[in-house]
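I opened a new page today and sat down with the coordinates. Here is what I looked up, in the order I went.

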Amino acid sequence: MTEIRGLGYLRIQTQDIARWRELLVDGLGMAIGTGPEADGLYLRVDERRSRLAVLPGESDKALAVGWEVRDEFALQRVQEAVEKSGIEVEVLSHEESTYRDAEKVIAFDDPAGTRVEVFFGPVLDHSPVVTPHGGRWITGTQGLGHVVLPTAKFAESYAFYTEVLGFLPRGAIRLADGKSRVRFLGVNERHHSLALCPAPPTDEPGLVHLMTEVDTLDAVGQALDRVAKDGFTISSTLGRHTNDKMISFYVRAPGGWDLEFGTEGMPVDETYYTAEEITADSYWGHDWSASEPLKAFIPKA
């Protein structure tokens, strides 16, 4: 079994903080959290001080994907496994860990170049979570949600996350070429906390999408109305997925990534689960015909 308990946080860099705020706060309804950089945007959806950090910069890229473990002993075991695989691990200082609102953090690059941070001891904010539209996020034992990462080194990435970090295969979908697959990986009862998608090499690490889940279909529908009214591109219409049963839509974020916003995800009982290959992304809906190209699939110049 994996030492990883869930997706803890995501830190990204953007050229357009103001537009991200319109999307995440005004549109999806996340609460403003707290963080160390005065010009950063920190988003709160539960008792963590922030789950998503959006920081200003000269380009749009994924700065780090943060995965949570139980305690310092689990963190040590992860460090040993990664080092044994031949990947260099950086043990962050007290100041660097405090910057990330954790007691201790280790960091390394996955085979595709995405920065991975593994941590324990997240700092909590016990004040009430006051979201602007009353939304309530599903986190807790399921973590923040899931990320889909592009990789130009698919076989190496899949082996690393499964054999080194211990992620559990939770099925796949075959792509149009009939050979390559998107593979879904889980660490808790959320169907997948990570998916890996074949993609061309890019100049900077990016994302395909981040999914967060709320507790009602009304919250999803109301958010869909708001982001459309605010002029954001709806990458995919509302639909229900075949693997995790999530009812969701996708909206294009500044920087060329998508945010999936959904509800009614299916919990997985690992005692009985077997990995399956789906042949359709959705039972209904999820019309992608109006979607713009994702940055992750645009090759280097």
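My entries cover the ground rules, a sheet, a helix and the cores.

**Ground rules.** I am reading a predicted model, where local features need pLDDT of at least 70 and side-chain atom pairs count only at pLDDT 80 or more, while totals for chains, interfaces and linings use all residues. Numbering starts from 1 along each chain as its sequence is written, and side-chain values use heavy atoms, with hydrogens and water left out.

**Sheet.** I traced an open sheet of eight strands with mixed pairing, in the order β2-β3-β4-β1-β5-β8-β7-β6. Strands are DSSP runs of E, at least two residues, and helices are runs of H or I, at least four, numbered from the N terminus; two strands pair if DSSP finds at least two bridges between them. The edge strands are β2 (31-32) and β6 (90-91). I then checked β5 (61-69) against β8 (115-120): they pair in the parallel sense over four bridges, and Gly66 stands opposite Glu117 in β8.

**Helix α5.** I tested its length: 13 residues (217-229) at 1.5 Å a residue should span 18 Å (1.5 Å times one less than the number of residues), and the end C-alpha atoms are 19 Å apart, which agrees. Its buried residues (under 20% relative accessible area, 1.4 Å probe, protein chains only) include Ala219, Leu224 and Arg226. The buried residues of α5 pack against α1, β14, β15 and β16, with contact meaning heavy atoms within 4.5 Å. Just after α5, Gly231 takes a positive phi of about 85 degrees.

**Cores.** The largest nonpolar core (buried Ala, Val, Leu, Ile, Met, Phe, Trp, Tyr and Cys joined through side-chain atoms within 4.5 Å) has 58 residues. α5 gives the most to this core, with five residues.

Methods:
Buried means under 20% relative accessible area, exposed over 50%, partly exposed in between (1.4 Å probe, protein chains only).
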